[in-house]
Amino acid sequence: MSKSARMSTLIKPPKVAWNPTERRLLRAAGIADLRDVARRAVPRMVFDYCDGAADSERSLSRARETFANIEFQPSVLRDVSHLDTSRTVLGKRQKLPFALAPVGFNRVMHAEGEPAVASVAQQFGIPYSVSTLATTSLADVAAAAPEGRHWFQLYFAEDRAMVKELIALAEEAKFDTILLTLDTPISVPRRRDIRNGLTIPPSMSVGTIAEAFLHPGWWMRQWRAGTPSPQVLKATGGSASDMIKRVFNPRLSIDDVEWLRGAWSGKLVAKGVQSVADARRVADVGVDGVWLSTHGGRKLDRAPVPVELLPHVVDEVGDRVEVLVDTGITSGADIVAAIALGATAAVVGRAYQYGLMAGGRRGVVRAMEILSREIEVTMKLLGVSSVGELNRSHVRFR
Ligand SMILES: Cc1cc2nc3c(=O)[nH]c(=O)nc-3n(C[C@H](O)[C@H](O)[C@H](O)COP(=O)(O)O)c2cc1C
């Protein structure tokens, strides 16, 4: 080979993405980078609504720190040339050992909203949880990802007729799992949202409109798509703010969980369990899964760290129910650690929402690429070739 030919193989023009969003997404090497792109892509009140947590935000920061402090214990001399990242979760095989958590108001983060997320979840072979506060109807989510698996997150309102209507919607749209959220008896505004003047559903003040003009792309898309509103609740009637107030139920009791068990023939998961005792109580009334969560640290400040509770809950009820865990997961390594500690599946919220804010559907794809690649790398370097091999010997809390 001539000298000039050798040089031309060395000096290859880099892959250029002409679209600025695409360029930023390609450069995002981890979820933290995606968060930075998101922060610049949307108005501050939108970013803070998603990124923020309750009060001092310690529930969230402690959960993230706990994950970061988990130390891996690898084994060497293992054949990791073939890797199987699939896992059976609540009766169905999926390609990766995690799911996407329910997040309200996806169309506020990006006008493409829930249908975009559902189609990415379908592409990567994992379940997508749709919130009671979703800005797309359950039927439209199902239509956007007809081969996907969808879970419905239920806020169990005081009005039983409303609950029955919501269950019927989930049934009609062929959702196979209900996630009953237990950690939100009341709705309390978060400090960042108060400071930003955020209202749900969003209303624009002079200040927020001025801020929105700094992000014309977000603004234009919202303008074209129209004001996002809660489309699942729409079927139950009333004004948007009235509907939202009605879904939180300070009287929710274990009898309601038992009633729901009888009323819903699909899989039922109790989301927002924060103690071993409560895990036992919900397992006793026949739920299929216990989801350890502090709602991403968005409700009780200084709440227990779900991943710390995980092995204790698995020891107590793991032979009867599947145990899922979320809050504070920002990498594929965190997902692997959660599985090693006994979770059937981990669940991520903000990690994919950062992608959605950063670039709509394409941003969610980027988040999934990052997380799935990190899962593969962590498993191989740990010396395991399938999810089922992961166990407590692979991790320790420092
Ligand atoms: C912006 C936002 C909105 C959320 N909305 C809901 C909701 O409507 N229902 C629900 O059960 N959980 C909701 N959650 C909590 C998530 O389902 C999940 O528990 C949490 O995001 C996990 O923590 P992580 O964000 O650190 O991954 C929301 C979380 C965020 C960040």
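Here is a chat about a predicted model of a protein chain with a ligand.

Me: Before the details, what is the protein chain built from, and what makes it as compact as a globular protein of that length?
Reply: The chain has 19 helices and twelve strands. Its radius of gyration is 21 Å, close to the 21 Å that the globule rule gives for 398 residues, so the chain is as compact as a globular protein of that length. Along its principal axes, the C-alpha trace spans about 80 × 55 × 40 Å. Buried residues account for 54% of the 398.

Me: Why is M379 called buried?
Reply: Buried means under 20% relative accessible area. M379 has 0% relative accessibility, so M379 counts as buried. You'll find M379 in helix α19, residues 350-382. Its C-alpha is separated from that of A161 by 47 Å, and the two residues are 218 apart along the chain.

Me: And A367, what makes that one buried?
Reply: The cut-off is under 20%, and A367 sits at 0% relative accessibility, so A367 counts as buried. A367 is in helix α19. A367 and A235 are 132 residues apart in sequence, with 32 Å between their C-alpha atoms.

Me: What about T184, buried or exposed?
Reply: Buried is under 20% and exposed is over 50%. T184 has a relative accessible area of 5%, so T184 is buried. This residue is in the loop between β7 and α10 (191-196).

Me: How do you know that T184 and H295 make a polar contact?
Reply: A polar contact needs a pair of N or O atoms within 3.5 Å. The side chains of T184 and H295 are joined at 3.3 Å, and that counts as a polar contact.

Me: Why is strand β8 described as largely enclosed?
Reply: Strand β8 covers residues 267-273, and six of its seven residues are buried, so β8 is largely enclosed by the rest of the structure.

Me: How do you know that β8 pairs with β7?
Reply: Pairing takes at least two bridges between the strands. Strand β7 (residues 177-181) and β8 have five bridges, in the parallel sense. For a place to look, T181 stands opposite K271 in β8.

Me: What makes β9 a partner of β8?
Reply: Again the cut-off is at least two bridges, and β8 and strand β9 (residues 289-292) share four, also in the parallel sense. V273 stands opposite L292 in β9. Helix α16 (residues 276-284) joins in here: β8, α16 and β9 make a right-handed β-α-β unit.

Me: Which strands pair with β10?
Reply: Four bridges join β9 to β10 (residues 322-325), and the two run parallel. In β10, V325 is the bridge partner of L292. The chain crosses from β9 through helix α17 (residues 306-317) to β10, and this β-α-β crossover is right-handed. On to strand β11 (residues 345-348): two bridges join β10 to β11, also parallel. That meets the cut-off of at least two. Here A345 in β11 is the bridge partner of L324. β10, α18 and β11 make a right-handed β-α-β unit.

Me: Why is helix α18 called largely enclosed?
Reply: Helix α18 runs over residues 332-340, and eight of the nine are buried, so α18 is largely enclosed by the rest of the structure. The buried ones are G332, D334, I335, V336, A337, A338, I339 and A340.

Me: What is there at the start of α18, and what follows the helix?
Reply: At the start, a side-chain oxygen of S331 reaches to within 3.3 Å of the backbone nitrogen of A333. After the helix comes G342, whose phi is positive, near 115 degrees.

Me: Now the ligand. Which residues come nearest?
Reply: There are 22 residues around the ligand, and P102, S131, T181, D326 and G328 come nearest.

Me: What makes Y155, S293 and R350 polar contacts of the ligand?
Reply: The cut-off is N or O atoms within 3.5 Å. A ligand nitrogen is 3.1 Å from an N or O atom in the side chain of Y155. A ligand oxygen is 3.4 Å from an N or O atom in the S293 side chain. For R350, the distance from a ligand oxygen to a side-chain N or O atom is 2.8 Å.

Me: How much of the ligand does the protein bury?
Reply: Taken alone, the ligand exposes 600 Å², and the protein buries 98% of that.

Methods:
Residues numbered from 1 in each chain as written. Predicted model: local features only at pLDDT ≥ 70, side-chain atom pairs only at ≥ 80, totals over all residues. Heavy atoms only, no water. Buried < 20%, exposed > 50% of the residue type's maximum accessible area, 1.4 Å probe, protein only. Right-handed = clockwise from strand over helix to strand, strands pointing away. Near = heavy atom within 4 Å. Polar contact = N/O pair within 3.5 Å; in protein donor to acceptor, adjacent residues only side chain to side chain. Areas by Shrake-Rupley, 256 points an atom, 1.4 Å probe, with all protein chains shown as cover. Rg over C-alpha atoms; globule rule 2.2 N^0.38 Å.
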